[in-house]
Amino acid sequence: MTRTSTLLGAASSLALVALGASPAFAAGTTAGSTIQNTVTVGYQVGGVAQTAKTASDTFTVDRKVNVSVTEVGSAATVVSPGQVQAVSTFKVTNLSNDTLDFALAAAQLSGGSAAWGGSDNFDGTNVKIYLDNGDGVFTSADTQVTYLDELAADAAKTVFVVMDIPSTQVTGDIASVVLTATAKAGGTAGSQGAALTTSATNTSGVDTVLADGAGATDAANDGAFSAKDDFKVSAAALSVLKTSRVVSDPVSGTSNPKAIPGATIEYCISVANASGSATATNIAVNDPLPANVTYVASSILLNGTVTGSTCNTDGTAGGTFASNTVTGTLSDIAAGVTRTLVFRATIN
Amino acid sequence: MNRHLPASLSALAFSLALSVAASAAEPVSLKGDVQVERTVTANGTTKTVLAPPTTVVPGDRLLFTTRYSNDGDKPVDSFVVTNPLPAPVRLAAEEAGYEVSVDGGRTFGRLAALTVADAAGVRRAAQLEDVTHIRWTLAHLAPRASGALEYHAVVR
């Protein structure tokens with residue numbers, strides 16, 4: 001910062017306009033701007049107007065470093081066990097009055113309070129940070145980064161923290177991740193600048209003042225800011241029940257039938273998803289037939305219902321039979337819903 | 001010739017007046033200064049201190065001071081000090097003793113009496129951030145008199 005105090009005699013009574021005027025940002029006057037205050041005095045002596053005089057004082061605006069990191073969405077990212085590239089979205093805003101680089105680091109908690117309730121109890125793997133290409137959605141067009149390059153004053157970037165979820169996790173498990181953005185000197189595109197510290201002394205150039213707040217895990221005035229987000233596991237909790245009943249026999253017909261050779265058996269495979277679970281998709285049911293029974297052609301009914309624990313013989317025709325195995329794919333099963341696969345066979 | 005004579009006479013009078021003013025040994029002097037107001041908490045008490053503008057960042061509150069003195073041995077009249085606000089600062093509060101302008105120094109008054117046009121051309125009451133100039137008017141300045149004029153501003 002330089003400062004001069006001058007006493008000038010000016011020939012013009014017009015007010016001098018301040019030099020170094022710069023556009024005002026929300027982040028404030030740009031670092032390095034000069035503020036020149038000039039006063040002009042007009043006066044008379046003995047009723048005669050005198051030459052106007054001016055005086056001015058000039059100093060330089062220093063660099064105020066401030067950064068904000070916020071989690072986008074205000075909720076945990078819901079993930080499935082074994083999910084690859086689960087995404088948490090953050091926004092990094094440069095609140096400084098200068099263009100700066102921002103180093104990015106994603107750290108996982110080891111225990112402790114999660115961001116959106118509960119406690120951290122596992123770590124994801126393969127954690128990476130990506131810079132959004134502008135559409136706000138994580139796609140293959142986004143680039144993996146370790147820092148934000150040349151972020152202008154007041155500018156913001158969307159950043160994704162991406163990780164894989166171990167397949168062993170169960171519903172309710174939480175992995176918390178903290179994204180920290182640390183301000184670095186800007187000025188050279190394509191390379192991360194030097195670390196910034198509050199200037200110890202007043203120099204002839206632009207001094208630096210770290211003026212950031214305290215984030216999730218960082219302190220105030222340390223040139224960094226951090227925010228926390230959670231990956232919360234929601235698994236499907238499926239249970240399968242297989243029942244059978246005798247529909248008819250060759251002797252008694254459908255009246256009180258017995259399981260004698262030639263009798264028709266109805267098998268019911270019911271798949272239930274416990275309440276509070278994630279919706280299960282792509283549910284494939286395979287049932288190899290036991291010996292001594294023969295499949296009744298085209299008898300498979302999919303997506304039927306149960307009443308209590310009793311299979312209703314409903315649903316729509318579908319499924320296949322090959323290699324003595326009944327195969328069918330059920331529709332998505334939401335939490336608390338049960339779907340069935342029903343088919344018939346005869347006793348040899 | 002007749003038509004030119006008054007013009008050359010008035011030009012002569014004007015240059016005489018100028019030389020008189022210049023030879024008056026600069027009867028009035030001005031000195032500008034700026035300080036940063038900082039709130040300091042020591043021993044549990046909070047107080048405001050003034051510091052040199054060694055480190056100034058957006059949001060800092062500044063005190064601009066202009067010291068004036070009449071160094072001559074004649075009284076000075078209609079002593080009007082005009083201070084355009086530097087673009088990177090805004091007035092912190094309207095204080096007594098000066099008038100403000102919101103139109104680049106063409107008209108002056110108290111802030112409450114001034115209006116500015118918005119983008120749609122509608123007049124609205126002027127705000128502190130609209131102030132472009134400050135003006136102090138001292139009707140009379142005795143020989144050897146001196147004083148200081150102050151205003152507070154905040155770095156945008």
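Strand 21 and strand 27 (residues 338-347), both of chain A, are paired in the antiparallel sense, with three bridges between them. Within that pairing, A:Gly304 stands opposite A:Thr340 in strand 27 of chain A. Please bear in mind throughout that this is a predicted model.

Strand 21, residues 301-304 of chain A, has a further antiparallel pairing, in which two bridges join it to strand 24 (residues 316-317) of chain A. Here A:Leu301 stands opposite A:Ala317 of strand 24 of chain A.

Let me place these strands in the chain. The domain assignment divides chain A into domain 1 (3-61), domain 2 (65-233) and domain 3 (238-347). The centres of domain 2 and domain 3 of chain A, taken over C-alpha atoms, are separated by 51 Å.

I turn next to a sheet of three strands in chain A. This sheet is open, its order is 19-26-25, and its pairing is antiparallel. Strand 19 (283-288) and strand 25 (320-322) of chain A each have a single partner strand and stand at the edges, so one side of each is left without a neighbour in the sheet. On average, and with direction ignored, neighbouring strands of this sheet are turned by 20° against each other. Six bridges join strand 19 of chain A to strand 26 (residues 325-330) of chain A. One bridge partner to look for is A:Thr325 in strand 26 of chain A, which is matched with A:Pro288.

A second open sheet in chain A has five strands, in the order 6-8-13-10-11, again with antiparallel pairing. Its edges are strand 6 (67-71) and strand 11 (143-144) of chain A; each has a single partner strand, so one side of each is left without a neighbour in the sheet. Inside this order, strand 8 (residues 86-94) and strand 13 (residues 156-164) of chain A pair over eight bridges. A:Val92 stands opposite A:Lys157 in strand 13 of chain A.

A:Val92 also brings us to the nonpolar cores. Which residues touch the most other members of the largest core? Among its 66 residues, they are A:Val67, A:Val69, A:Val92, A:Phe102, A:Val161, A:Leu179 and A:Ala181. Strand 14 (residues 174-185) of chain A gives the most to this core, namely seven residues. Domain 1 and domain 2 of chain A each supply at least three residues to this core. For a view from one member, take A:Ala181: leaving aside residues up to four places away in sequence, A:Ala181 touches A:Val67, A:Val69, A:Val92, A:Phe102, A:Leu104, A:Ala224 and A:Phe225. Apart from the largest core lies another core, of 16 residues, including A:Cys268, A:Ile300, A:Leu301 and A:Leu341. A:Leu301 is the residue that I placed opposite A:Ala317 a moment ago.

Finally, I come to the two chains together. On the chain B side, 41 residues are in contact with 43 residues of chain A. The elements of chain B giving two or more residues to this side are helix 1 (4-23), strand 1 (28-42), strand 3 (61-70) and strand 4 (76-84). Which element gives the largest share? That is strand 4 of chain B, with nine residues. By type, the residues on the chain B side comprise 23 nonpolar, twelve polar and six charged. Strand 4 of chain B also runs antiparallel to strand 2 (residues 34-45) of chain A, and five bridges join the two. In that pairing across the chains, B:Val80 is the bridge partner of A:Gly42.

Methods. Residues numbered from 1 in each chain as written. Chains lettered and ligands numbered in written order. Predicted model: local features only at pLDDT ≥ 70, side-chain atom pairs only at ≥ 80, totals over all residues. Contact = placed C-beta atoms within 7 Å. Helix = DSSP H or I, 4+ residues; strand = E, 2+ residues; numbered from the N terminus. Nonpolar A, V, L, I, M, F, W, Y, C, P; charged D, E, K, R; others polar. Pairing = 2+ DSSP bridges. Core = buried A, V, L, I, M, F, W, Y, C linked by C-beta atoms within 7 Å. Buried ≥ 20, exposed ≤ 12 C-beta atoms within 10 Å, placed from the backbone. Domains from an automatic or database assignment. Axes fitted to C-alpha atoms, helices over the stretch in contact; angles between N-to-C directions.
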